[in-house]
Every structure is written in C-alpha cells, then in structure tokens.
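Visitor: I would like a close look at a single part of this structure, together with whatever packs around that part. Could you take me through it carefully, residue by residue and then helix by helix?

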Amino acid sequence: MTGTGDADAGEQFENLDCSAVIADVWIMLDNECDEASRARLQKHIDECGSCFEAYGIEEKVKKLISRKCGGDQAPAGLRERLSVEIRRTVLIRQTDADQ
C-alpha cells in the first residue's frame, strides 16, 4: 500500500458526508460511539451549519422524549430497527436531493 492511499483514506475518514453525520447524530447523543467517532462527528457539526441545525433539533427531540418517557429504555431490537429506518430515510432524502 502506498502512502498516497493512506492519505486518501484518512481524508475520507475526516470529510464526512452530511447524510452520514445526520444518521449518526442519535448514536452520538446516546453516547453509543467511541471517542474518535464523537470527535469526527462533532468537528463536522461545528463546521457545517445545516448539520449544526439538525443536531440541535435532534438534541431537543431527545430531551423531549426523555422528559416525557421518564427515562424508560426502549428494547435493543426497537432501537436497532429505528436506527436502520432513520439511516434509510436519510439516504432516500439524500438521493432525492441529488436528482
């Protein structure tokens, strides 16, 4: 493997796509990602106005749900299905926007 390929991989790792960031916001809000992922996501959110806005909305929704549900935990299967559905929705919207 050449040094150039390593540099390209590192750059792709740092330059996250907005749809990927929005899809992972809940993982970050729920403290379910490692520190490297959290730092990458936070850096993108800090530098991207539209992702910053979406993050703020998601954070408010999470706080509202937490307040109204009294801290109840959803079953792991439900959380996984919701995560998959959110990612699918983001990808569909991204595809529609590209057309």
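Guide: C18 has its place in helix α2, and everything said here about this residue and its surroundings refers to a predicted model. With a relative accessibility of 31%, C18 counts as partly exposed, because that value falls between the limits of 20% for buried and 50% for exposed. Once residues up to four places away in sequence are set aside, C18 touches H44, C48 and C51. The C-alpha atom of C18 is also 8.9 Å from that of I45, a residue 27 places away along the chain.

The next residue to consider is S19, which likewise belongs to helix α2, an element covering residues 18-29. S19 has a relative accessible area of 11% and is therefore buried, since the cut-off for that class is 20%. The side chain of S19 makes a polar contact of 2.3 Å with the side chain of D17. Apart from neighbours within four places in sequence, the contacts of S19 are with V90, L91 and Q94.

A20 lies in α2 as well, and its relative accessibility of 34% makes it partly exposed. Between the C-alpha atoms of A20 and L41 there are 9.2 Å, while 21 residues separate the two along the chain. What has been said of C18 and A20 leads on to α3, the helix of residues 35-47.

How do α2 and α3 pack, and at what angle? Two packed helices are described by the angle between their axes and by the distance between those axes. For α2 and α3 the angle is about 125 degrees and the axes are 10 Å apart; the two helices are therefore oblique to each other, as an angle between 115 and 145 degrees falls outside the other classes. The crossing in which α2 passes α3 is left-handed. On the side of α2 the contact is made by C18, V21, D24, V25 and M28, and on the side of α3 by R38, L41, Q42, H44 and I45. Sorted by class, the residues of this contact are six nonpolar, two polar and two charged.

The other partner of α2 to be described is helix α4, which runs over residues 49-69. Here the angle is about 30 degrees, again with a distance of 10 Å between the axes, and the two helices are therefore roughly parallel, the limit for that description being 35 degrees. The crossing of α2 and α4 is right-handed. From α2 the residues C18, V21, I22, V25, W26, M28 and L29 take part, and they meet C51, A54, Y55, E58, E59, V61, K62 and I65 of α4. This contact has twelve nonpolar and three charged residues, and no polar ones. C18, V21, V25 and M28 are thus named among the residues of α2 that meet α4, and they are also named among those that make the contact with α3.

The two partners of α2 also pack on each other, with an angle of about 110 degrees between α3 and α4 and their axes 5 Å apart. An angle of this value lies within the range of 65 to 115 degrees, and α3 and α4 are therefore roughly perpendicular. H44, I45 and E47 of α3 make this contact with G49, C51, F52 and Y55 of α4. By class, the contact of α3 with α4 comprises four nonpolar, two polar and one charged residues. H44 and C51, which take part in this contact, are also among the residues that C18 touches.

Beyond α2, the chain passes into the loop between α2 and α3, where N31 is found. At 60% relative accessibility N31 counts as exposed, which means that its value is over 50%. The phi angle of N31 is near 55 degrees, a positive value in a residue other than glycine. Most residues other than glycine have a negative phi.

As for the setting as a whole, the protein has five helices and zero strands, in the order α-α-α-α-α from the N terminus on. Of its 99 residues, 20% count as buried, and S19 is buried as well. Among contacts between residues at least 6 apart in sequence, 69% join residues at least 24 apart.

Note on methods. Residues numbered from 1 in each chain as written. Predicted model: local features only at pLDDT ≥ 70, side-chain atom pairs only at ≥ 80, totals over all residues. Heavy atoms only, no water. Helix = DSSP H or I, 4+ residues; strand = E, 2+ residues; numbered from the N terminus. Buried < 20%, exposed > 50% of the residue type's maximum accessible area, 1.4 Å probe, protein only. Polar contact = N/O pair within 3.5 Å; in protein donor to acceptor, adjacent residues only side chain to side chain. Contact = heavy atoms within 4.5 Å. Axes fitted to C-alpha atoms, helices over the stretch in contact; angles between N-to-C directions. Left-handed = near helix turned anticlockwise from the far one by under 90°. Nonpolar A, V, L, I, M, F, W, Y, C, P; charged D, E, K, R; others polar.
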